[in-house]
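Hi there,

Here is the structure I promised to pass on to you. Have a look at it first, and then read on for what I found.

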Amino acid sequence: MYKLKPTFFFKLILFIIGFFIFPNPGVKAQINAEQVLTIGKNVLSMDDYMLAIQYFNQAIKAKPYLSDPYFFRALAKLYLDDYAGAEADCSLAIENNKFKTEAYKLRGFARQIMGRDSLAIEDYNIGLSYNPLDKNFLFYKAVALTELKKLDEAQSTFSTLLRQYPKFEEGYTARARMNLEKADTAAALEDVDLALNITKSQITPYLIKAEIAWKRKNWNDAASALDAAIRLKPESPDLYVNRAFVRYNSDDFFGAMSDYNYAIEIDPKNMAAYFNRGLLRYEVKDLEKAEQDMTEVINLNPENVHAYFNRGLIRLELEKNKEALADFRHIQQKYPRFYPIYYGMAEAERNMGNLRQAANFIHQGEELVEKYVENPEKNPLDRPVIAATETRAVTSSGESVEESESEVMERFNRLLTITQVAENQLSYNEKIKGRVQDRDVNVEIEPAYALSIVSPPESLKSLSNYFKDLDDLNQSYILDHTLYLSPGLESTEYGNKMDELFELSEYLSKIPSDKMRPADYLLLGVINTMLKNYQAALDNLDKAIAVNPQFTVALMARGYARYANALADIKISSQEKDNDEAFLERTAYTVLLQEALSDFDKVLSLNPRVVFSWFNKGNIYYEARDFTSALQCYTEAIKIDPDFGEAYFNRGLSYLNAGNKSQAFADLSKAGELGVIPSYNILKRMK
């Protein structure tokens, strides 16, 4: 048989675990929940959060009335940035044991990260009622009160915290942020110094020092503080963007340009770095490159009117008048009362010799200003701004004041800065490693299920369902090789089996046709599909089904082969064919997908509970961008097997494409809980 053979040591481990933990997998009550929980906690301590969740799932299935499995599963989800899932599990833990204070702490933290500070404080107050001097309860509560602008209460809580824990540097840093909210910079700097006296390895105190120096226009001190922050976190592009701003204000153009270049090198999609570098290049009259930077900003964000405006000005100087006019008109569509664009359009028209149109544009601009002066409330001017919160200036007391037109234009053309880097960065236990949500994964659906003669690799994901007809075929021993149903067929998983696959294909192909049985044609079709020889695979599978039209295993194999063949064909056509040929290939692609659907429908007509057919149908509809039909198929699969993690994942992506973000979030969270690792990366991106 062509099976991947586990080592003796691995077999022994599986035997021991199976004997003590899962003595009878068909009977949930016999699972040793306490033993499973202990193993899960050990795995959690090794930072393998996904595997830990699977152990906690087993404990919950065995004894759903326990509190600890829910709590520790919540902790694992928290480390994976699934805050809503952590909150829900903590609530379940509290339902089972209302005295479990750690669950209140964890739920409060998750709520705080999601911006639900009032609810978080309720949890912290419950925890403090049991332990009034708990450091984390006090700290998290003080930060939440600061976020809610309840500064007097926050001050009192910080005082209690730091009186009990005078060496707690994060407490001083957080209180410094609170003092900045109170506009007490002297007290803020005093707290920053206290934090730095305890440790100089924390980045936030330096960022606060930079912010204070920045607001005072003390550029040298701001640069020094940012230098220290960058030494601690050299991979953060935002820090370089802010230091470039400081250097620019110190007339260090070369240093500023160097920082923007490096920020872009770290993060090629950093719009602030491109925008600012474009403005600097415009200022030194490097116009061609300035235009390129503004174009890059527009490519990253087609709605960035600031980039359109500045590119229009740059293009005027480059004598690209038609292109400049197009940029200004783009702004006019969204902000028709933004008067500066009319002067820009007038200059473009004048440069092209259209003096009458130029005069009309000047008149429109002046008329807007005159009407505004006569009655600002009745005739307001459009003021597109860099951020929605910047429509008005704000005093230190929090009162908004009207800006002059020159101030509006200064904001429109100014350098951008990153304002979020100095905020409190809460952490629930600092030992957070193995964060699978930080892995860079492509947003792709989980692959369709295919037949294979190579056993699938060990996975966190599991399915309680199985394909009965396939099991019956294997148990009949008609074939010399066991067939498996695996998600996708990747040659990298075949290991050293590639040569054997080719040899076996050649051997079976030489058998006389009168000696070939339907099962032999099936085996040859499966092997050719694994080798991506789809036409040969389809020829053999057609022969198997011609002899036995109700051969469900062959129908499953042919459905996948048709689906994989369609994907391969359309990929080739998009890369190598001209438009007309690509259109014909796309039509053939649609036909192949319809044929694949027909095979899976035939399987379901013979056995409606073949969950993999519903799943594969969902993938076909997803590829065809028919997300409504895809959602229906994945839902049917989940009805049959509620623990089908891949179906939740693919349904989540379908909801995402259909614009239903809340349902997508719920499905992806469930998929992560069931072992589909990419879920947490996508959840992080959605936030």
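A contact here means heavy atoms within 4.5 Å of each other. Counting only contacts with a separation of 6 or more, residues 24 or more positions apart account for 59% of those in the chain. Please keep in mind that this is a predicted model. The chain has 687 residues, of which 49% are buried, and its secondary structure comes to 33 helices and four strands.

**Helix pairs**

Let me begin with α2, α4 and α6. Helix α2 covers residues 33–45 and helix α4 covers residues 68–79; their axes are 11 Å apart and the packing angle is about 20°. Angles under 35 degrees count as roughly parallel, so α2 is roughly parallel to α4. The two helices cross in a left-handed sense. On the α2 side the contact is made by Leu 37, Lys 41 and Leu 44, and on the α4 side by Asp 68, Pro 69, Phe 72, Leu 75, Ala 76 and Tyr 79. Sorted by class, the contact of α2 with α4 has seven nonpolar residues, two charged ones and no polar ones.

Helix α4 also meets helix α6 (residues 101–113), where the axes come within 11 Å and cross at roughly 30°. These two are therefore roughly parallel to each other as well, and the crossing of α4 and α6 is left-handed. From α4, the contact takes in Phe 71, Ala 74, Leu 75 and Leu 78; from α6, Glu 102, Ala 103, Leu 106, Phe 109 and Ala 110. The contact of α4 with α6 divides into eight nonpolar residues, one charged and no polar. If you are browsing in a viewer, Leu 75 is a good place to stop: this residue takes part in the contact with α2 and in the contact with α6.

Further along the chain, how do α12 and α13 lie against each other, parallel or antiparallel? The axes of helix α12 (residues 204–215) and helix α13 (residues 219–232) come within 8 Å and cross at roughly 160°. With the cut-off for roughly antiparallel set at over 145 degrees, that makes α12 roughly antiparallel to α13. The crossing of α12 past α13 is left-handed. In α12, the residues involved are Tyr 206, Leu 207, Lys 209, Ala 210, Ala 213 and Trp 214, and they meet Trp 219, Asp 221, Ala 222, Ala 225, Leu 226, Ala 228, Ala 229 and Leu 232 in α13. Of the residues in the contact of α12 with α13, 12 are nonpolar, two are charged and none is polar.

**A few single residues**

Lys 41, named above in the contact with α4, lies in helix α2. Its relative accessible area is 33%, so Lys 41 is partly exposed. Not counting residues up to four places away in sequence, Lys 41 touches Phe 56 and Phe 72. Phe 56 is 15 residues from Lys 41 in sequence, and their C-alpha atoms are 8.5 Å apart in space.

Asp 382 sits in the loop between α21 (355–374) and β1 (393–394). Is this residue buried or exposed? Its relative accessibility is 14%, so Asp 382 counts as buried. The side chain of Asp 382 reaches the backbone nitrogen of Arg 337 at 2.8 Å. Leaving aside neighbours within four places in sequence, Asp 382 is in contact with Tyr 335, Pro 336, Arg 337 and Phe 338.

Two loop residues may interest you for their backbone angles. Most residues other than glycine have a negative phi. Lys 285, though not a glycine, has a positive phi of about 65°; its place is in the loop between α16 (271–283) and α17 (287–300). Glu 319, also not a glycine, has a positive phi of about 65° and is found in the loop between α18 (305–317) and α19 (321–334). With a relative accessibility of 49%, Lys 285 counts as partly exposed, whereas Glu 319 is exposed at 67%.

Finally, Ala 536 belongs to helix α26 (residues 534–547) and counts as partly exposed at 21% relative accessibility. The C-alpha atoms of Ala 536 and Gly 525 are separated by 7.0 Å, with their positions 11 residues apart along the chain.

Happy browsing, and best wishes!

Definitions and conventions:
Residues are numbered from 1 along each chain as its sequence is written. This is a predicted model: local features need pLDDT of at least 70, side-chain atom pairs count only at pLDDT 80 or more; totals for chains, interfaces and linings use all residues. Side-chain values use heavy atoms; hydrogens and water are left out. Buried means under 20% relative accessible area, exposed over 50%, partly exposed in between (1.4 Å probe, protein chains only). A polar contact is a pair of N or O atoms within 3.5 Å; within protein, one must be able to donate a hydrogen and the other to accept it, and residues adjacent in sequence count only if both atoms are side-chain atoms. Axes are lines fitted to C-alpha atoms, for helices over the stretch in contact, and angles run from 0 to 180 degrees between N-to-C directions. Angles under 35 degrees count as roughly parallel, over 145 as roughly antiparallel, 65 to 115 as roughly perpendicular and the rest as oblique. A crossing is left-handed if the near helix is turned anticlockwise from the far one by less than a right angle, and right-handed if clockwise. Ala, Val, Leu, Ile, Met, Phe, Trp, Tyr, Cys and Pro count as nonpolar, Asp, Glu, Lys and Arg as charged, and the others, Gly among them, as polar.
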